Amino acid sequence: MTSTAPKPAVQTGRVVWFTGLSGAGKSTLAGALHAELLARGVNVELLDGDAVRENLSRGLGFTREDRDINVRRIGFVAELLARHGVTVLVSAISPYADTRRDVLSGLPNALEVFVDAPLEVVTQRDVKGLYLKALAGEIPHFTGVSDPYEAPEAPGLHLRTDRLSVQEGVTELLRALGEA
């Protein structure tokens with residue numbers, strides 16, 4: 001017997017895509033926003049670039065092709081979650097503007113957030129010393145040093161983390177999402 005009752009409507013979610021150099025504050029802001037949205041009862045998931053690389057993109061290197069594959073995989077998972085009403089927070093360097101634009105164009109209610117801090121600031125924040133090694137030529141293909149990072153030309157939100165506290169950044173994000 002078939003039911004004629006309508007299926008419950010699923011509200012389309014949204015994707016907040018944090019992009020920027022390593023150490024700019026993407027994961028910190030995404031984590032703080034995640035906690036705030038959870039506290040407000042929002043159905044939210046966090047896709048952090050490091051965790052995705054470990055669990056979904058293991059084996060990929062840091063060539064342009066591998067980086068693009070990684071970003072497209074993250075975008076695919078984000079779209080699946082958002083299609084089912086989830087607010088998805090993506091924290092991934094995603095260094096190439098054309099790939100980022102392409103992926104974002106296929107996501108529902110996408111907000112691109114450029115998490116921005118100058119190279120000297122991210123180098124100071126780098127507890128592992130990766131920037132210093134990359135600047136010394138010891139690490140090839142390091143984004144922002146020996147590989148390019150193409151900043152968004154017109155992001156939905158531009159957060160200068162060398163000028164804002166984490167809480168100020170979360171307040172700006174909530175405002176941009178209509179949650180303030």
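This is a chat about a predicted model, covering an annotated domain, a pocket, a few loop residues and some strands.

Visitor: What feature does UniProt place at residues 13–159?
Guide: The unreviewed UniProt entry puts "domain: APS kinase" there.

Visitor: How much helix and how much strand is in residues 13–159?
Guide: That stretch is 43% helix and 18% strand. Its end C-alpha atoms are 23 Å apart.

Visitor: OK, pockets. What volume does the largest pocket have?
Guide: The volume of the largest pocket is about 1000 Å³. Its lining is made of 40 residues, and the closest to the centre are Ser 22, Gly 23, Lys 26, Asp 50 and Ile 93.

Visitor: Which helices each supply at least two residues of that lining?
Guide: Helix 1 (26–39), helix 2 (49–55), helix 3 (64–83), helix 5, helix 6 (130–135) and helix 7 (166–176) each do.

Visitor: And by class, what is in the lining?
Guide: The lining has 18 nonpolar, 14 polar and 8 charged residues.

Visitor: Where does UniProt place the "binding site" feature?
Guide: The unreviewed entry lists Gly 20, Leu 21, Ser 22, Gly 23, Ala 24, Gly 25, Lys 26 and Ser 27. Of these residues, Ser 22, Gly 23, Ala 24, Gly 25, Lys 26 and Ser 27 are in the lining of the largest pocket.

Visitor: Take Lys 26, then. Is Lys 26 buried or exposed?
Guide: Lys 26 has a relative accessible area of 8%, so it counts as buried. Lys 26 sits in helix 1.

Visitor: What is Lys 26 in contact with, leaving aside neighbours within four places in sequence?
Guide: Its contacts are Phe 18, Thr 19, Gly 20, Leu 21, Ser 91, Ala 92, Ile 93 and Val 115.

Visitor: Leu 21 is on that list. Where is Leu 21 found?
Guide: Leu 21 is in the loop between strand 1 (14–19) and helix 1. Leu 21 is counted as buried because its relative accessibility is 13%, and the cut-off for buried is under 20%.

Visitor: What does Leu 21 touch, again without the neighbours within four places?
Guide: Leu 21 is in contact with Lys 26, Ile 93, Val 115, Ala 117, Val 122, Tyr 131, Thr 143, Gly 144 and Tyr 149.

Visitor: Ala 117, what separates its C-alpha atom from that of Leu 21?
Guide: The two C-alpha atoms are separated by 7.7 Å, while the residues are 96 residues apart along the chain. Ala 117 lies in the loop between strand 4 (110–116) and helix 5 (119–125).

Visitor: Why does Ala 117 count as buried?
Guide: Because its relative accessible area is 4%, and buried means under 20%. Not counting residues up to four places away in sequence, Ala 117 touches Leu 21, Ala 24, Val 122, Arg 125, Thr 161 and Asp 162.

Visitor: New topic, strands. In what sense do strand 4 and strand 5 pair?
Guide: Strand 4 and strand 5 pair in the parallel sense, over 4 bridges. One pair of bridge partners is Asp 116 and, in strand 5, Arg 160.

Visitor: Which residues make up the covered face of strand 5?
Guide: Leu 157 and Leu 159 form the covered face, and His 158 and Arg 160 form the uncovered one. In a regular strand, side chains alternate between the two faces of the sheet.

Visitor: And strand 3, how many of its residues are buried?
Guide: In strand 3, 5 of its 5 residues are buried. Thr 87, Leu 89 and Ser 91 are on one side, Val 88 and Val 90 are on the other, and both faces are covered.

Visitor: What pairs with strand 3?
Guide: Strand 1 pairs with strand 3 in the parallel sense over 5 bridges, and Arg 14 stands opposite Thr 87. Strand 2 (residues 44–48) also pairs with strand 3 in the parallel sense over 5 bridges, and there Leu 47 stands opposite Val 90.

Visitor: Last thing, backbone angles. What is the phi of Ser 94?
Guide: Ser 94 has a positive phi of about 40 degrees although it is not a glycine. Ser 94 is in the loop between strand 3 (87–91) and helix 4 (97–105), and at 4% relative accessibility Ser 94 counts as buried.

Visitor: And what about the phi of His 141?
Guide: The phi of His 141 is positive as well, near 55 degrees, in a residue other than glycine. His 141 is in the loop between helix 6 and strand 5. With a relative accessible area of 42%, His 141 is partly exposed.

Key
Residues numbered from 1 in each chain as written. Predicted model: local features only at pLDDT ≥ 70, side-chain atom pairs only at ≥ 80, totals over all residues. Heavy atoms only, no water. UniProt positions renumbered as here; feature names shortened; annotations may be inferred. Buried < 20%, exposed > 50% of the residue type's maximum accessible area, 1.4 Å probe, protein only. Contact = heavy atoms within 4.5 Å. 1 Å grid on protein atoms, 1.4 Å probe; cavity = no way out; pocket = protein on both sides within 12 Å on 5 of 7 lines; lining within 4 Å. Points joined across faces, edges and corners; volume = space filled by probe spheres on them. Nonpolar A, V, L, I, M, F, W, Y, C, P; charged D, E, K, R; others polar. Pairing = 2+ DSSP bridges.
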